[in-house]
Each structure stands twice: as structure tokens, then as C-alpha cells.
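Let's work through a few short exercises together. Keep the sequence and the 3D view open, and try each task before you read its solution.

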Amino acid sequence: GGMGRGRAPCGAKVGLNRGSGTPQEDMRLIAYIQKHGHANWRALPKQAGLLRCGKSCRLRWINYLRPDLKRGNFTADEEDTIIKLHGLLGNK
């Protein structure tokens with residue numbers, strides 16, 4: 001017996017390339033960290049059911065998702081990057 005055609009296996013990753021985040025992933029990341037904290041970034045994505053690597057989860061959390069994130073205390077370097085990105089993407 002082969003695989004049943006047309007039925008994706010449970011949790012099939014459809015068109016999500018590694019390192020790309022979806023809002024769902026962000027929500028998951030936030031929910032997971034609120035519940036369990038983020039003591040172990042290497043293990044976190046697997047435990048949280050995320051497709052990202054721990055490093056990208058961590059960066060995402062640090063740069064975008066932390067509830068205590070205070071915009072405005074960026075290093076000059078980050079400031080530069082953000083300005084560049086805003087130029088590219090516009091303010092959402």
C-alpha cells in the first residue's frame with residue numbers, strides 16, 4: 001500500500017520556506033514563550049511546533065515580538081538597517 005494520493009500527511013508544510021515567518025508562527029512563538037519562557041532557543045522551535053531554526057526565532061523575538069520591546073534604544077547600526085528597511089517596505 002502506497003501513500004493515499006491527494007492527502008497531505010498531517011502537518012504537511014505547504015509552501016513555507018525555512019526562515020520565513022508567518023503571523024501564525026509569530027503567534028505560536030509568543031504563546032509558547034509566555035507559557036514556557038525561552039530558556040533553550042535550540043529546542044524551542046521543535047517544542048513550539050515552529051519551522052524556524054532557534055536562531056531565527058530568537059532574533060524574531062528580540063527584534064519584533066518581545067512585549068517589553070522599547071522602540072528607540074537601537075544601536076546606530078540597527079537604526080540604519082531599520083531606516084533602510086522602512087525605505088524599502090514603507091511603514092506598515
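How many salt bridges does the count come to by the rule that a side-chain nitrogen of Lys or Arg lies within 4 Å of a carboxyl oxygen of Asp or Glu? The count comes to three salt bridges. Before we find them, some ground rules: this is a predicted model, where local features need pLDDT of at least 70 and side-chain atom pairs count only at pLDDT 80 or more, while totals for chains, interfaces and linings use all residues. Residues are numbered from 1 along each chain as its sequence is written, and side-chain values use heavy atoms, with hydrogens and water left out.

**Exercise 1. Find the salt bridges and say how they are connected.**

Step 1. Side chains of opposite charge can pair when their charged atoms come close.

Step 2. Start at E25, which forms a salt bridge with R52, with 3.5 Å between the closest N and O atoms. E25 sits in helix α1 and R52 in the loop between α2 and α3, 27 residues apart. (Helices are DSSP runs of H or I with at least four residues, numbered from the N terminus.)

Step 3. Go on to D26, whose side chain meets that of R52 in a salt bridge at 2.9 Å, N to O. Because D26 lies in helix α1 and R52 in the loop between α2 and α3, this pair ties together parts that are 26 residues apart in sequence.

Step 4. D26 also has R60 as a salt-bridge partner, the closest N and O atoms being 2.7 Å apart. Here R60 is in helix α3 and D26 in helix α1, 34 residues apart.

Step 5. Put the pairs together: through shared partners, E25, D26, R52 and R60 join into one network.

**Exercise 2. Sort the four network residues into buried and partly exposed.**

Step 1. Use the cut-offs: buried means under 20% relative accessible area, exposed over 50%, and partly exposed in between (1.4 Å probe, protein chains only).

Step 2. E25 has 5%, so it is buried. R52 has 3%, so it is buried too.

Step 3. D26 has 10% and therefore counts as buried, whereas R60 has 24% and therefore counts as partly exposed.

**Exercise 3. Describe the largest nonpolar core and the place of A48 in it.**

Step 1. A nonpolar core is a set of buried Ala, Val, Leu, Ile, Met, Phe, Trp, Tyr and Cys residues joined through side-chain atoms within 4.5 Å.

Step 2. The largest one has ten residues, among them Y32, L44, A48 and W61. Helices α1 (23-36), α2 and α3 (54-65) each give two or more residues to this core.

Step 3. A48 is in helix α2. With a relative accessible area of 13%, A48 is buried.

Step 4. Check the contacts (heavy atoms within 4.5 Å). Beyond four places in sequence, A48 is in contact with R28 and Y32. Y32 in turn touches G37, L44, Q47 and A48.

**Exercise 4. Decide how far to trust the model.**

Step 1. pLDDT is the predictor's confidence in each residue, from 0 to 100. Its mean over the protein is 75, and 60% of the residues reach 70 or more.

Step 2. Among the elements, helix α2 (residues 44-48) has the highest mean pLDDT, 93, and helix α4 (residues 76-89) the lowest, 69.

Step 3. Over residues 11-19, pLDDT stays under 50, and the model has five contacts beyond four places in sequence there.
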